[in-house]
Amino acid sequence: MRYFILLFLLFFYITSLSAQEDNSQYRVIKVNGKVHKFKIDVDQNYPYDMELLTLSGDTVNSSKVLKDNGKLTILLFWMTSCVPCQFELDNIHKKYADWKKEADFNLYAISIELPKYANRFAPYVNRKGWEFEAYYDFDRVFRRIMPDGLNGLPQTFILDKNGEIVYHKKKYRMGDEDLLFEAIQELSR
């Protein structure tokens, strides 16, 4: 009987260990009343494997929303407090519909807003009415995996159909959006 009890306790202990989730690889945070779990270690290859927040405040994995469909992918990194970011995104928004008629590509605006300003992201994007997708990198993981730690915003990257960076631009000057589209057209050939 003792052996049976010991075996039962051992079995119970082992199954409870395997049922427990390893939270050492995650950072758990609460945003707007919702609990979100962010991976600490991230696949550094497109479409990555990190948690992003949507406009509705839901957590989504980048590998599910960043399309790996053989097209060029443009990643625009920005913050609501960055005035040059606002100019760039406004000018891209004005031309985006025409661009899509001439070239086939994916475009994502990814905010790396400071966590204390998290509540600015969704209202800002909703007010702007962008036709392209926007996500919030709450845990600022992209700063750890993109070149130069994304110092100096806005930053724009074009990734080829294999997910390799083929174009990178920091800062914004009027007309840079036209240079971006020229690069998109050239790289699409």
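What share of the contacts in the chain with a separation of 6 or more comes from residues 24 or more positions apart? In this predicted model, such residues account for 58% of those contacts. The chain has 189 residues, and 44% of them are buried. Its secondary structure consists of six helices and nine strands. The accessible surface comes to about 10,700 Å². Carbon and sulfur atoms contribute 53% of that surface.

The nonpolar interior was examined next. The largest nonpolar core contains 52 residues. Within this core, the residues with the most contacts are Y48, F77, F105, F142 and I184. Strand 5, residues 72-78, gives the most to this core, supplying six residues. The surroundings of I184 were then listed, with neighbours within four places in sequence left aside. On that basis, I184 is in contact with L72, I74, W99, A103, F105 and I158. F105 thus appears both among the core residues with the most contacts and among the contacts of I184.

Strand 6 spans residues 105-111 and strand 7 spans residues 133-136. The two strands run parallel and are joined by four bridges. Helix 4, residues 121-128, completes a β-α-β unit with strand 6 and strand 7. This unit is right-handed.

S111 lies in strand 6. Opposite S111, in strand 7, stands Y136. S111 has a relative accessible area of 0%. Burial requires a value under 20%, so S111 counts as buried. With neighbours within four places in sequence again left aside, S111 is in contact with W78, M79, F121, Y135, Y136 and D137. Y136 is therefore both the residue opposite S111 and one of the contacts of S111, as contact means heavy atoms within 4.5 Å.

The cysteines were considered last. A disulfide is a covalent bond between the sulfur atoms of two cysteines. A search of the whole structure finds one disulfide. C82 and C85 form this bond, with their sulfur atoms 2.3 Å apart. The torsion about the S-S bond of C82 and C85 is about 80°, and the disulfide is therefore right-handed. Are the two partners buried or exposed? C82 has a relative accessible area of 10% and is buried. C85 has a relative accessibility of 0% and also counts as buried.

Methods
Residues are numbered from 1 along each chain as its sequence is written. This is a predicted model: local features need pLDDT of at least 70, side-chain atom pairs count only at pLDDT 80 or more; totals for chains, interfaces and linings use all residues. Side-chain values use heavy atoms; hydrogens and water are left out. Buried means under 20% relative accessible area, exposed over 50%, partly exposed in between (1.4 Å probe, protein chains only). Accessible areas come from the Shrake-Rupley method with a 1.4 Å probe; for residues, only the protein chains shown count as cover. A disulfide is a pair of cysteine sulfur atoms within 2.5 Å. Two strands pair if DSSP finds at least two bridges between them. A crossover is right-handed if, with the strands pointing away from the viewer, the path from the first strand over the helix to the second runs clockwise. A nonpolar core is a set of buried Ala, Val, Leu, Ile, Met, Phe, Trp, Tyr and Cys residues joined through side-chain atoms within 4.5 Å.
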